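Could you walk me through this complex while I have it open in my viewer? I would like to know what to select next and what I will find there.

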Amino acid sequence: MNIKGWWWKILGVLIYLYVIIGGLTVPLKPGVLKVDPASANTGTKLELNITGYNTHFSDATENKAWLKTDSGHSIKARDIHIVDDMHAQLIFELPEVLPPGEKVQPLTLIMDNEKDGAFVQPNAIFVKAKENTTSGTEGWDEADFGHIHTADGIAFPYRNILHETIRNTFFHVALWFAMFIMLIVGLVYAVRYLRTHDYSYDIKSSAYNKTGILFGILGLATGSIWARFTWNTFWTGDVKLNMTAVTLLIYLAYLVLRGASSDTDKKAKISSAYTIFAFVAMIPLLFIIPRMTDSLHPGNGGNPALGGEDLDNTLRMFFYPAILGLSLIGVWISTLVIRYEMLKERLFQNQK
Amino acid sequence: MNISKVKDIFIKELSVEFRQRFAVGGIFLFAATVVFLIYKSFNDINPREWTILLWIIMLFAGLNAVVKSFLQERRETYLYYYTLFDPIDLIVAKLMYNFVFLTSLFVIIIAIMSVFAGFPVKSLGLFVTGSLVGILGIAIVFTFVSVISATEGGNSTLMSILALPLVLPIVLLLLKISAVSVRLMTDTSIGQDIWMLVSIDSILLGAMILLFPSLWRS
């Protein structure tokens, strides 16, 4: 046993342990779960009941709240009644007129205290202008919130609908990246086999492909669970899901192909050729078609992709290590398969 | 690539096919029977069922047809070919032959279906271009897979296991194009789908031409 050859396995496991522990224990940033009522008229006194998430209303002393229009005007809450940490009632005096724009305008709720920092709920409430009123800015302030607190410590972003499932980014998304890395390695070995006809390359190619298929199945499973909580169903008609299913079928056919053949030399040649063909067929399935049609996934059909506000630095702290850790573990699994296959091959040779 | 040799192989394939007329007849009989069976059980076939039926029959009849093209020949014949032709000539000729064969099969299936179930296509140009590009893709996949199963000693089960998943994306696009051309749905960006088919075709064709020579040597 030489420790030198081991370090990357330990590294992979440690990184992934860090991802699992950190990814599951870091709290979410505070956010607003529910705002009631959902609409109001101008010129009225508005009592807004807020249900917060991970908030500390009663611990904080400097609770503040604003409503802001898209045109950059805002009003400050006149009064804030704290019920408990998670519940508060905000009292607003809505002005008689709305700033220039639509007759019905969505207002963004911004809350701030020294414990939670500032957090925002877009389109928290819709305000309707009274009949026969002109628009104006009387009663509205220019949006300037003065000093806003920032919370200490790290926390994952709070997103509507996603809530706590945002942590699945480290598992679901990282699995796809790791799968792709495994399949690329499998492809490279397949090409090397066809060039050199060295049988060990074929064993390597098939081992990496198998690990890739395993990661693909796990990726589909984690995605399915995620979909249950965000889209309310395990399987949707989403293009990306169906194209992934097709890709997995193509690769499962690869396993059948390997099982069907008994002549090692022929098997190696055919399955290497099929690997290249399958990989080539996968590219339009996973990268071109989903980008051209509407999809519920980020990065397709005009939805934002990784980046911007959705993948912030706290998520990156776990997301990139997750890819690295999973890939190292994948390489480890593949080397185990390779060693097993090599031993089997040697046993077979000795018998003859 | 040598054009005259490609032509020679192509003509040879065609004449072999016509000499074994029962095989061709069998495939057409298969198509006719399935259409008739479904017509009798549905009584009235609406455009949605029409498009799905068309491509399902096409897929299975085509699979049966292409399996033969590589499997009907014996190992010795291959050895003989190997001394005569460049592998690229051979694969291009086989592909052209399969494409022509699948296209004529398509025309015949359409003819049989028109008799029993009518012809609901409204945008003929779209339907024809989309179908031809799609059939080329199906021909490429089937040809490649039949090469694989021929080197595996003529295993036709293997052929269908490998071919169906690979051909699935093409068929999905074809179903969409057909649905648009019978006006089941409208899509202004359907041209994109045809370009997608063209690009899938060219990627698969490139992969096949690159890989065939190394498979061929066995």
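## First stop: a parallel pair in chain A

Start by selecting E2(A) and E9(A): these two strands pair in the parallel sense, with three bridges between them. For a single pair to zoom in on, pick Asn41(A), whose bridge partner in E9(A) is Lys128(A). Keep in mind throughout that this is a predicted model.

## The six-stranded sheet

Now widen the selection to the whole sheet. It is an open sheet of six strands in chain A, in the order E2-E9-E8-E4-E5-E10, and its pairing is mixed. Which strands stand at the edges? They are strand E2 (39-41) and strand E10 (141-142) of chain A; each has a single partner strand, so one side of each is left without a neighbour in the sheet.

Stay with E9(A) and add its other partner. Strand E8 (residues 104-113) and strand E9 (residues 117-128) of chain A run antiparallel and are joined by nine bridges. Show Met111(A) and you will find Phe119(A) of E9(A) standing opposite. Then follow the backbone from E8(A) to E9(A): the two are joined by a hairpin through three residues.

## The four-stranded sheet

Next, select E1, E3, E7 and E6 of chain A. These four strands form an open sheet in the order E1-E3-E7-E6, with antiparallel pairing. Strand E1 (31-36) and strand E6 (79-82) of chain A are at the edges, and since each has a single partner strand, one side of each is left without a neighbour in the sheet. On average, neighbouring strands here are turned by 25° against each other, direction ignored.

At the E6(A) edge, look at the pairing with strand E7 (residues 87-93) of chain A: the two run antiparallel and four bridges join them. Ile82(A) is a good residue to click on, and its bridge partner in E7(A) is Ala88(A).

## Two backbone details in the loops

Most residues other than glycine have a negative phi, and most peptide bonds are trans. Two places in chain A are worth checking with that in mind.

- Select Asp36(A) and Pro37(A): the peptide bond joining them is cis, with omega about 0°. Pro37(A) is found in the loop between E1 and E2 of chain A.
- Select Asn54(A): its phi is positive, about 60°, although it is not a glycine. Asn54(A) lies in the loop between strand E3 (45-53) and strand E4 (64-68) of chain A.

## Over to chain B: helices that cross

Two packed helices are described by the angle between their axes and the distance between the axes. With that in hand, show helix H1 (residues 3-19) and H5(B) of chain B. Their axes come within 8 Å and cross at roughly 45°. That angle makes H1(B) oblique to H5(B), and the crossing is right-handed. Turn on side chains to see who meets whom: Lys5(B), Val6(B), Ile9(B), Phe10(B), Glu13(B) and Leu14(B) of H1(B) meet Asp89(B), Leu90(B), Val92(B), Ala93(B), Met96(B) and Tyr97(B) of H5(B). By type, these contact residues are nine nonpolar, no polar and three charged.

Keep helix H5 (residues 87-117) of chain B selected and swap H1(B) for H8(B). The axes of H5(B) and H8(B) come within 9 Å and cross at roughly 120°. H5(B) and H8(B) are therefore oblique to each other, and their crossing is right-handed. On the H5(B) side the contact is made by Pro87(B), Ile88(B) and Ile91(B), and on the H8(B) side by Met208(B), Ile209(B), Phe212(B), Pro213(B) and Trp216(B). This contact divides into eight nonpolar residues, no polar and no charged.

## Where the chains meet

Show both chains together. In this complex, 23 residues of chain B are in contact with 23 residues of chain A. Helix H6 (124-151), helix H7 (156-181) and helix H8 (190-216) of chain B each supply at least two residues of the side that touches chain A. Which helix gives the most to that side? H8(B) does, with ten residues. The chain B side as a whole comprises 16 nonpolar residues, six polar and one charged.

## Last stop: colour by confidence

Finally, colour by pLDDT. Chain B has a mean of 81, and 89% of its residues reach 70 or more. Among the elements of chain B, helix H4 (residues 75-84) has the lowest mean pLDDT, 69, and H6(B) the highest, 88. For the complex, the predictor gives an ipTM of 0.76 and a pTM of 0.80.

Notes
Residues are numbered from 1 along each chain as its sequence is written. Chains are lettered from A and ligands numbered from 1 in the order in which they are written. This is a predicted model: local features need pLDDT of at least 70, side-chain atom pairs count only at pLDDT 80 or more; totals for chains, interfaces and linings use all residues. Two strands pair if DSSP finds at least two bridges between them. Axes are lines fitted to C-alpha atoms, for helices over the stretch in contact, and angles run from 0 to 180 degrees between N-to-C directions. Two residues are in contact if their C-beta atoms, placed from the backbone, lie within 7 Å. Ala, Val, Leu, Ile, Met, Phe, Trp, Tyr, Cys and Pro count as nonpolar, Asp, Glu, Lys and Arg as charged, and the others, Gly among them, as polar. Angles under 35 degrees count as roughly parallel, over 145 as roughly antiparallel, 65 to 115 as roughly perpendicular and the rest as oblique. A crossing is left-handed if the near helix is turned anticlockwise from the far one by less than a right angle, and right-handed if clockwise. pLDDT is the predictor's confidence in each residue, from 0 to 100.
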